Amino acid sequence: MKNENNKIPYDSSPIVRGGRSAPASQMPRKNEKKEYTGFKPSFLSIMLVVLMLSNLIFGVMLVNVYNREYIINQTINNNKYNISPSDNINMNNAATKALFNTVCVSAGHTNKGQNGDEYEDFFALSSRGSGIIIGDDKTAGDAYIMTNYHVIKNQTNYRVLLYGSYEPMVATLVGVSQTYDTAVLKVTNSNTYRESNAMPAEIGCSATISENDACIIVGNPKSCGISVSQGVISHVAELINTEDSGIMRLIRVDASVNPGNSGGGLFDYRGRLIGLVNAKMIEINVEGMGYAIPIDVAYSVAMNIMNNRGRLFKPVFGFDLEETRTSASINQITGKPELVADVEIRNISASSEAFNAGIINGDRLIAFSYNSVSVKVINKYSLEEHMYKMNKGDSITFEVIRKGEANHIIKTFTIKQITAIA
């Protein structure tokens with residue numbers, strides 16, 4: 001287990017609790033104009049011009065410059081991104097999708113700052129980070145925002161700012177999970193949202209990612225506005241000891257993560273949300289170690305909170321899972337590496353529904369199914385990634401291998417007990 005004894009701050013310090021990431025005076029302002037100081041030619045600038053002309057002559061483009069206003073003003077309605085399917089493996093298209101899924105989040109104890117201007121007041125609140133739209137009713141002007149628990153921890157007033165907007169929206173807290181560093185905010189009856197091009201993120205699958213997959217991070221670093229960084233998946237599952245949530249199983253990336261990125265999205269090369277950014281490693285001589293909660297967990301937790309009036313519930317199975325052996329292989333279809341563990345049932349309670357159905361200690365769990373969903377077990381977290389989608393009364397079927405038995409054993413039981421967790 002890595003870094004078990006060294007707790008790391010959420011993407012550095014985290015989002016500056018109780019203080020400002022930067023004073024409001026340093027934030028972008030409406031109608032702000034930069035003073036022109038004049039151009040002073042130098043040897044370096046002359047050489048740069050020569051280099052650019054030579055690139056144009058030989059048809060080589062060293063730098064791609066994109067018109068921000070063009071992107072902001074694109075007409076995108078509902079979840080139609082106006083992107084051709086043939087272009088969906090294009091990082092620029094992925095970034096465009098993600099920008100309209102992302103918001104800036106500001107939280108504090110006061111309704112307003114000291115400036116009397118809503119946009120200025122947004123930056124005057126004590127905690128600032130990012131958020132991802134995960135559901136909406138555009139006609140009603142409603143939107144659900146997923147962010148990190150540590151971004152809004154101990155705060156009472158919340159504001160949300162859309163990409164390309166200068167009009168903060170008031171949000172209310174739906175619920176939180178400290179265990180999973182996840183929180184849900186809701187914007188209600190907002191004309192700003194109703195008239196915007198913002199939209200919910202397309203939810204991806206973190207279980208299918210692998211090392212070296214291209215990815216982008218979109219968020220609000222240092223409260224400088226929603227922006228994009230790009231990199232690759234460095235590690236699909238690393239155990240990290242975090243400040244508020246203890247040990248978490250997180251995705252590691254080498255894309256830039258900075259204070260303010262917390263609550264923002266980790267997206268794949270098609271613009272699908274695969275993680276909720278929440279931390280980075282801050283140590284001397286350490287670079288490019290940012291972290292995100294797998295979306296299979298974060299989104300399930302968020303939806304569970306939304307469906308249970310702000311509380312998180314999970315099934316009571318009455319047993320533990322333990323990995324006894326791991327192996328690495330190459331998937332013959334995708335060509336990607338796969339890490340697979342043998343997962344065995346441990347410490348099963350004699351009063352549990354699983355035990356009553358015939359599951360015993362030492363059974364190796366290889367697959368399970370519920371509500372027409374079938375899952376292959378590749379590690380002990382495979383069940384955790386799905387249990388927040390399960391409800392009391394659901395039937396779940398386990399496929400196990402038992403020592404001394406030639407055939408796989410199939411056992412079905414009903415979830416009769418659920419419990420609330422922090």
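Tutor: Let's start with a definition: a salt bridge here is a side-chain nitrogen of Lys or Arg within 4 Å of a carboxyl oxygen of Asp or Glu. This is a predicted model, where local features need pLDDT of at least 70 and side-chain atom pairs count only at pLDDT 80 or more. Side-chain values use heavy atoms, and residues are numbered from 1 along each chain.

Student: Which residues are linked with Glu322 in a network of salt bridges?

Tutor: One pair to look at is glutamate 344 and arginine 346, whose side chains meet at 2.9 Å, N to O. The network that includes Glu322 also holds Glu344 and Arg346.

Student: Is glutamate 344 buried or exposed?

Tutor: Buried means under 20% relative accessible area, exposed over 50%, and partly exposed in between (1.4 Å probe, protein chains only). Glutamate 344 has 10% relative accessibility, so the residue counts as buried.

Student: How many residues apart in sequence are the parts tied together by aspartate 363 and arginine 402?

Tutor: Their closest N and O atoms are 2.8 Å apart, in a salt bridge. Helices (H or I, at least four residues) and strands (E, at least two) are DSSP runs, numbered from the N terminus. Aspartate 363 sits in the loop between helix 8 (353-356) and strand 17 (364-370), and arginine 402 in the loop between strand 19 (395-401) and strand 20 (409-414), so the parts they tie together are separated by 39 residues.

Student: And what is the relative accessibility of aspartate 363?

Tutor: Its partner, arginine 402, is buried with a relative accessible area of 18%. Aspartate 363 counts as buried too, and its relative accessibility is 1%.
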